[in-house]
Amino acid sequence: MNIQGTGSGLCSGLTRNLIKDFNRINVGSIEAEFQKIGVDADFKNSKLFSGSCKLVQSILYEVSQRFHLPLDVLPPSIRVFRNNDLLDDSGKCSWGFCIIDTAKVLKNEQEFEAGSLFFKKHRFDSVIISGLQTMYLKARNYCSSPHFLAHTFHEWFHTININQIYKKFGYEGEGSLPKAKYYRANATGIEKIEDYADIYIYPQKRRYLEKNFGQYSAETGSLLEMFAEVMTQITTKSLNKNLELVNNPLDYLPKNMPRFLRQFIEENLEI
Ligand SMILES: [Zn+2]
């Protein structure tokens, strides 16, 4: 499975050296590395997703160490799926998703714990440069960042965010892992998440969001989605072209952000 370059127009953040690195990926050894740190990962032989997840995990670990931010949270499981692997239609149209409660998601698989991540198998998965290019083009006007890792960061930030919410409010679902991890009497975490996912945004603020964080942020009406988009933008901005962390992502938080959103981000980053 060789990666083919398109010759010109490499997408945002993607260099020829990185493409070479992606090409050399051994998916099984990345799965084994994740296993060692407690993440049950099955990338269905995808170099694209295993490489992207590994990069995102290492970058966020470094951010957490250097800038003391709680971003070293890991998803309990990661899966790559095809539409017909899904038990229902809920994840069909998206590029990937994160589950807020423990559930059976894929046919012939066990229940996945809350916070698990799912990535849709890409049509061009065997031609990684095309896959990343497609992601870039898709993200350019719609998402907060055109970086080729943006979608992976976005889903990862959902895991981080829901972990933070359960830590604060507890978890009232049935999943055995989150039940033990976030134990609290009268827990309301799931209820909180549902509230955060459906808020009213005044038109003026919506325009601000669209201008600064893309169309998706403006349209979603969900604080969870805005959190993922803002964090993705500021994290990708803090990387140089070799994907080295050169700045504190928080330096890129716009000063004039709407208060409700700044507050939500600061609360969830414990700052
Ligand atoms: Zn999302």
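This passage walks through a predicted model of a single chain, from its overall make-up down to a few individual residues.

To begin with the overall picture, the chain folds into 10 helices and 6 strands. It has 271 residues, and 43% of them are buried. Many of the contacts bring together parts of the chain that sit well apart in sequence: of those between residues at least 6 apart, 60% join residues at least 24 apart. As for confidence, pLDDT averages 89 over the chain, and 89% of the residues score at least 70. The beginning of the chain is another story, with pLDDT under 50 over residues 1-9. For that stretch the model has 15 contacts beyond four places in sequence. Where pLDDT is low, the predicted coordinates should not be read in detail.

Next comes the inside of the fold. The largest nonpolar core holds 59 residues, and the members that touch the most others are V56, I99, F157, F227 and V230. Both domain 1 (16-142) and domain 2 (150-268) feed into this core, each giving at least three residues. I99 makes a handy example of what such a residue meets: setting aside neighbours within four places in sequence, I99 is in contact with V105, F112, A114 and S116.

Two helices show nicely how a helix can have an inside and an outside. A bit of background helps here: an α-helix has 3.6 residues a turn, so residues three or four places apart point the same way. Helix α2 covers residues 27-36, and its buried residues are V27, I30, E31 and F34. Looking down the axis of α2, these buried residues fall within an arc of 100 degrees, so they line one face of the helix. The other side of α2 carries the exposed residues G28, S29, A32, Q35 and K36. And what lies over the buried residues of α2? The cover includes β1 and α3. After α2 comes G38, with a positive phi near 90 degrees.

Helix α7 (residues 189-196) can be read in a similar way. Which of its residues are buried? They are G189, I190 and I193. These residues sit on the same side of α7 because they cover an arc of only 100 degrees around the axis. Turned away from that buried side is a face with the exposed residues E191, E194 and D195. Among the elements covering the buried residues of α7 are α5 (150-169) and α9 (223-237).

Helix α3 is worth a look for its length. This helix runs over residues 47-67, which makes 21 residues. From its first C-alpha to its last, α3 reaches 30 Å, close to the 30 Å expected at 1.5 Å a residue.

Some backbone angles also stand out. Most residues other than glycine have a negative phi, and most peptide bonds are trans. Just after α3, though, H68 takes a positive phi of about 55 degrees. On the other side of that helix, in the loop between β1 (40-42) and α3, sits N45. Phi of N45 is positive too, near 65 degrees, and this residue is not a glycine. Is N45 buried, partly exposed or exposed? N45 has 15 C-beta neighbours inside 10 Å, so it counts as partly exposed. N108 is another residue other than glycine with a positive phi, in this case about 60 degrees. The place to find N108 is the loop between β4 (103-104) and β5 (111-112). Because N108 has 6 C-beta neighbours inside 10 Å, it counts as exposed.

Finally, two residues in the later part of the chain can be paired with residues far back in sequence. V246 lies in the loop between α9 and α10 (259-268). With 9 other C-beta atoms within 10 Å, V246 is exposed. Leaving out residues up to four places away in sequence, V246 touches S238, L239 and N240. Its C-alpha atom is also 10.0 Å from that of V63, although V246 and V63 are 183 residues apart along the chain. E270, in turn, belongs to the segment after α10. This residue has 11 C-beta neighbours inside 10 Å, so E270 counts as exposed as well. How far apart in space are E270 and P70? Their C-alpha atoms are 7.5 Å apart, while 200 residues separate E270 and P70 in sequence.

Definitions and conventions: Residues are numbered from 1 along each chain as its sequence is written. This is a predicted model: local features need pLDDT of at least 70, side-chain atom pairs count only at pLDDT 80 or more; totals for chains, interfaces and linings use all residues. pLDDT is the predictor's confidence in each residue, from 0 to 100. Two residues are in contact if their C-beta atoms, placed from the backbone, lie within 7 Å. Helices (H or I, at least four residues) and strands (E, at least two) are DSSP runs, numbered from the N terminus. The expected span of a helix is 1.5 Å times one less than its number of residues. A nonpolar core is a set of buried Ala, Val, Leu, Ile, Met, Phe, Trp, Tyr and Cys residues joined through C-beta atoms within 7 Å. A residue is buried if 20 or more other C-beta atoms lie within 10 Å of its own, exposed if 12 or fewer, and partly exposed in between; C-beta atoms are placed from the backbone. Domain bounds come from an automatic or database domain assignment. The arc is that of the directions from the helix axis to the C-beta atoms.
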